[in-house]
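Subject: Structure for you to look at

Hello,

Here is the structure I promised to pass on to you. Please keep it open while you read the notes that follow.

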Amino acid sequence: MVRFEDVALRYGNGPEILKHISLHFDPGSYHFLVGASGAGKSSLLRMMYLAQRPSSGKVALFGKDVAGLSRRKTALLRRKIGVVFQDFRLLDHLTARENVALPLRISGDTDSRRDKDVEELLIWVGLADHMDALPPTLSGGQQQRVAIARAVIARPSLLLADEPTGNLDDRMAVRLLYLFEELNKIGTTVVIATHNEALVERFHHPVTRISDGQIWTVETVAQGEGGNRAGAADLAAGLGADLGATAGRDGS
Amino acid sequence: MSRGRRRQAVPLDHDASGRYLPLLVAIMVYLAALALAGAMVANKLAARWDRGLAGALTVQLPPAAAGSEDSADPVLQGVADLLTETEGVVSVEVMHTGAIAALLEPWLGDTALIGDLPLPRLIAVTVDPQAPPDLTALRRAVLAIAPGSLVDDHQRWLSHLLDLARAVEIMAAVVVALVVLAAAIMVAFVTRMGLAAHDQAIELLHLIGAQDSYVARQFQNHSLSLGLRGGLIGLLCALPTLYLARYLLERVQSDLLPDLSLRPYEWSLLVLLPVASALVTMVTARITVLRTLARLP
């Protein structure tokens with residue numbers, strides 16, 4: 001799904017932000033990218049969602065080397081990728097509903113039944129009463145949830161999230177990571193960049209640690225660590241029956 | 001998505017270009033409408049002169065001796081007879097001194113005084129345009145009867161007038177072309193400003209999978225609307241101007257001045273100007289956006 005081979009990145013003539021990055025994420029896998037602020041997580045994600053091309057090395061997504069892609073094919077590839085940006089990047093003149101529906105509009109999906117999907121997703125992320133609100137009138141956490149809903153509405157094959165829980169309380173953070181898990185269960189590859197180690201430890205997924213622009217360790221999931229998943233599941237279950245029911249519908 | 005009118009992903013409606021571009025396009029279309037109307041009038045004027053003088057000759061004889069009557073002038077009568085008998089001549093009209101004096105009155109004043117001047121004698125000849133007489137032979141024959149005479153087919157004068165009319169037409173076409181060019185440059189500049197102002201929204205659209213053509217469509221639709229609005233305003237301002245010019249020309253009542261009445265197809269050309277302006281702004285915006293985005297990573 002995602003393959004980096006000895007990738008380096010520098011902006012202009014500046015120093016290398018990322019060095020000797022080699023990694024491989026299988027289809028349907030779930031990964032955390034962990035590192036301190038400035039470690040290079042966001043730059044790594046930028047290359048994954050094709051906002052940045054590497055200075056050297058090879059990046060392949062969905063089995064295709066991105067270096068040789070035309071603009072048209074790059075756009076089509078991006079439609080398979082859902083991104084939760086650290087700074088949300090919502091369009092201020094569009095309502096929450098319109099922001100979430102934007103990927104569908106762009107891909108030409110004009111099926112009116114998708115309006116219902118948009119509404120269900122907004123209800124799921126707790127914005128039932130803010131569907132027609134403009135982003136500037138929403139709190140940081142609410143904006144982040146709109147951004148998350150927009151990233152997942154088109155059921156992407158690859159979901160990239162840059163600090164997706166940064167503005168959320170623990171309860172909502174776990175709830176949204178649970179949504180990502182549900183997407184992962186139906187085949188979406190999920191990559192989450194975060195510095196929140198406590199949150200990462202609640203889930204049972206491989207962790208790639210980045211520091212000073214290099215990958216230091218890749219912690220795979222050891223056998224017998226099912227307790228972590230059980231812990232996450234318990235936590236999710238503790239959020240209430242409505243969450244489980246809604247997530248189940250979404251997952252189906 | 002489902003509530004009311006769907007908003008565009010790039011909020012161009014709030015840009016300053018929305019206020020100024022229609023005004024600028026209106027000025028351009030106003031100038032283009034006047035230039036186009038000028039070209040059409042010049043074309044019609046040239047055609048009228050050409051038509052009016054085609055098949056006409058003027059024979060000018062030296063002034064007769066003072067006090068002699070036209071009817072008793074054997075030379076004048078001889079030339080008139082020659083012309084009448086010439087093959088290809090349809091009609092011959094000897095212009096008497098009184099008629100010539102009347103023609104000159106607007107410039108020289110009282111006809112009584114004009115009568116004292118040594119005026120040339122004129123014969124107006126109408127020839128068959130399909131089978132005109134041999135002009136060289138006719139000149140030779142007229143000179144044999146009346147030395148110093150002049151047979152004028154007006155071609156020299158007419159060709160100068162036609163050259164002038166053509167030059168006016170070309171100048172008008174150049175003005176229209178320059179107006180279109182200026183409009184295109186202006187729209188390209190405004191579009192670039194729009195791209196810069198909305199770079200974050202455009203980057204987001206790209207990152208979630210929008211093709212360049214999707215972004216271009218946002219700009220071209222916006223420009224189409226502004227261009228059409230500006231074009232209609234410009235045309236609505238040009239129509240009263242043309243009407244006023246026509247009224248003033250009609251008041252002069254001179255055959256030499258152009259007639260500003262346009263035929264239906266000429267009006268339809270003018271009415272198409274707003275459509276043309278909308279198309280120019282739309283195509284320019286699209287090309288500008290696609291070329292600019294092609295340079296981005």
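Which residue in β2(A) is the bridge partner of A:Phe4? The partner is A:Leu23, and before I say more about these strands, a few words on conventions may help. This is a predicted model, in which local features need pLDDT of at least 70 and side-chain atom pairs count only at pLDDT 80 or more, while totals for chains, interfaces and linings use all residues. Residues are numbered from 1 along each chain as its sequence is written, and chains are lettered from A and ligands numbered from 1 in the order in which they are written.

Helices (H or I, at least four residues) and strands (E, at least two) are DSSP runs, numbered from the N terminus, and two strands pair if DSSP finds at least two bridges between them. Strand β1 (residues 2-10) of chain A pairs with strand β2 (residues 16-25) in the antiparallel sense, over six bridges. Five residues lie between the strands of this hairpin, where A:Gly12 takes a positive phi near 60 degrees. β1 of chain A is also joined, by five bridges and again antiparallel, to strand β4 (residues 56-61) of chain A, in which A:Leu61 is the bridge partner of A:Val2.

Chain A is divided into domain 1 (1-80 + 158-237) and domain 2 (82-155), with bounds that come from an automatic or database domain assignment. The C-alpha centres of the two domains lie 22 Å apart. In chain A, 16 residues of domain 1 are in contact with 13 residues of domain 2, where contact means that the C-beta atoms, placed from the backbone, lie within 7 Å.

Best wishes

Conventions. Two residues are in contact if their C-beta atoms, placed from the backbone, lie within 7 Å.
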